[in-house]
Amino acid sequence: MSQSEATLKFEPLLVREEGPVLVVTINRPEALNALNEPVLIALESVLSWIGTEKASHLRAVILTGAGEKAFVAGADIKQFENFQPRDATAFARRGQELFQRIEKMNLPVIAAVNGFALGGGLELALACDFIYAAENAKFGLPECTLGIMPGYGGTVRLPRRVGPARAREMAFSGAMISAQEALQMGLVNRVLPQAQLLATAMETAMAIVNRAAPVAVGAIKESIHHGMQLNEEKAHELEARLFGDLFATLDAREGTRAFVEKRKPKFQGK
Ligand code: CO8
């Protein structure tokens with residue numbers, strides 16, 4: 001481990017800091033990294049920690065699954081057996097809130113999908129800013145084959161990402177699609193050999209860290225996320241407001257001054 005790497009305790013996750021990038025690995029390979037209660041609690045804890053002063057040096061997050069077979073094969077089906085409607089609604093709301101926290105976080109989050117991303121696993125990847133996939137990755141919403149439906153935002157985010165007709169086809173059939181098909185429909189940004197997946201996600205994360213002002217990335221993230229839910233007129237208003245807000249930041253002053261002075265800017269995230 002290099003000096004700038006540190007491992008943090010958030011079991012059953014593996015959480016590693018590589019300089020300004022946090023690599024979060026869901027670590028239940030024996031259950032294909034299915035999301036059970038301890039995984040959800042650990043994800044909630046990591047997100048809360050990222051919001052603290054101790055994590056203020058972080059600039060990007062990569063989310064992946066342990067092993068070479070699965071990113072996340074869905075919510076843990078074993079816990080559904082005795083669910084009553086009220087339990088199921090509460091469980092769906094809890095996951096939705098967690099995924100919305102990921103979506104609203106002001107750091108870029110890259111999903112590195114290293115295998116199956118099914119049900120809640122695909123929904124988790126969709127809550128990230130964009131997805132890189134290994135060649136062996138498979139995507140699907142198989143809930144209908146269990147007599148249930150997506151409950152962690154799959155019917156909300158997938159149609160916005162790939163269009164409602166493609167989302168319906170996936171969610172009605174429960175069929176899996178390949179990484180190449182996911183690339184063609186714009187669900188993933190890049191398909192990579194499994195061995196290069198994490199390194200490439202890290203390269204992209206570092207390219208963002210090295211070039212972009214953190215306050216700018218946060219504002220862009222908010223403008224796209226929030227703006228997608230507004231009509232064009234309101235979305236433009238939001239963009240103009242966020243654009244204006246950036247001029248109250250030190251980073252915007254530094255970025256424009258550095259350009260004029262022909263030097264590399266030193267951003268502080270303020
Ligand atoms: N939950 C629990 N355990 C799982 C899950 C899962 N989602 N997926 C795999 N596992 C376990 C298997 O049970 C198996 O355990 P064991 O060895 O103890 O039997 C182990 O992982 C390995 O899996 P397989 O032997 O099945 O591996 P295969 O390579 O044969 O098959 C598949 C891989 C095709 C991925 C297969 O495991 C599969 O179909 N998994 C289930 C996929 C699925 O249906 N996911 C959707 C779940 S529902 C969901 O995500 C809803 C989200 C919204 C929730 C809203 C809350 C109310």
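These questions and answers go through the ligand site, the cavity, the largest pocket and two backbone details of a predicted model.

Student: Which residues come nearest to the ligand?
Tutor: The ligand has 26 residues around it. By class, that shell has 16 nonpolar, four polar and six charged residues. Those that come nearest are Lys 69, Ala 73, Ala 75, Ile 77 and Gly 120.

Student: Which element gives the largest share of the shell around the ligand?
Tutor: Elements that each supply at least two residues of this shell are α2 (85-104), β7 (116-118) and α3 (120-127). The largest share is three residues, and the element that gives it is α2.

Student: Which residue has a backbone N or O atom 2.8 Å from an oxygen atom of the ligand?
Tutor: A backbone N or O atom of Ile 77 lies 2.9 Å from a nitrogen atom of the ligand, so this pair involves a nitrogen and counts as a polar contact, being within 3.5 Å. In the pair with a ligand oxygen atom at 2.8 Å, the backbone atom belongs to Ala 75.

Student: How far is an oxygen atom of the ligand from an N or O atom in the side chain of Lys 78?
Tutor: The cut-off for a polar contact is 3.5 Å. The pair formed by the Lys 78 side chain and a ligand oxygen atom has a distance of 3.4 Å.

Student: What percentage of the ligand's exposed area does the protein bury?
Tutor: The starting point is the ligand taken alone, which exposes 1,100 Å². Of that area, the protein buries 67%.

Student: How many cavities of 30 Å³ or more does the structure hold, and how much space lies in the largest cavity?
Tutor: Rolling a probe the size of a water molecule over the atoms shows where empty space is left. The structure holds one cavity of 30 Å³ or more. The space in the largest cavity is about 90 Å³.

Student: Which element gives the largest share of the lining of that cavity?
Tutor: Val 24, Leu 43, Ile 50 and Met 105 are among the residues that line the largest cavity. By class the lining has ten nonpolar, no polar and no charged residues. Both α1 (37-50) and β4 (60-65) supply at least two residues of the lining. The largest share, four residues, comes from α1.

Student: Where does the largest pocket lie?
Tutor: This pocket has a volume of about 820 Å³. Of its 27 lining residues, Glu 103, Leu 126, Cys 128, Ile 224 and His 225 are the closest to its centre. At least two lining residues each come from α2, α3, α4 (154-162) and α8 (214-227). Because both domains give residues to the lining, the pocket lies between domain 1 (3-209) and domain 2 (212-260).

Student: Which residues does a cis peptide bond join?
Tutor: Most residues other than glycine have a negative phi, and most peptide bonds are trans. Pro 12 is in the loop between β1 (5-10) and β2 (13-18). With omega at about 5°, the cis bond joins Glu 11 and Pro 12.

Student: What is the phi of Leu 32?
Tutor: Leu 32 sits in the loop between β3 (21-26) and α1. Leu 32 is not a glycine, yet its phi is positive, at about 50°.

Methods: Residues are numbered from 1 along each chain as its sequence is written. This is a predicted model: local features need pLDDT of at least 70, side-chain atom pairs count only at pLDDT 80 or more; totals for chains, interfaces and linings use all residues. Side-chain values use heavy atoms; hydrogens and water are left out. A residue is near a molecule or strand if one of its heavy atoms lies within 4 Å of it. A polar contact is a pair of N or O atoms within 3.5 Å; within protein, one must be able to donate a hydrogen and the other to accept it, and residues adjacent in sequence count only if both atoms are side-chain atoms. Accessible areas come from the Shrake-Rupley method with a 1.4 Å probe; for residues, only the protein chains shown count as cover. Ala, Val, Leu, Ile, Met, Phe, Trp, Tyr, Cys and Pro count as nonpolar, Asp, Glu, Lys and Arg as charged, and the others, Gly among them, as polar. On a 1 Å grid over the protein atoms alone, a cavity is a set of points where a 1.4 Å probe fits but cannot get out, and a pocket is an open set with protein on both sides within 12 Å along at least five of seven lines; lining residues have an atom within 4 Å of a point. Grid points are joined across faces, edges and corners, and a volume is the space filled by probe spheres set on the points. Domain bounds come from an automatic or database domain assignment.
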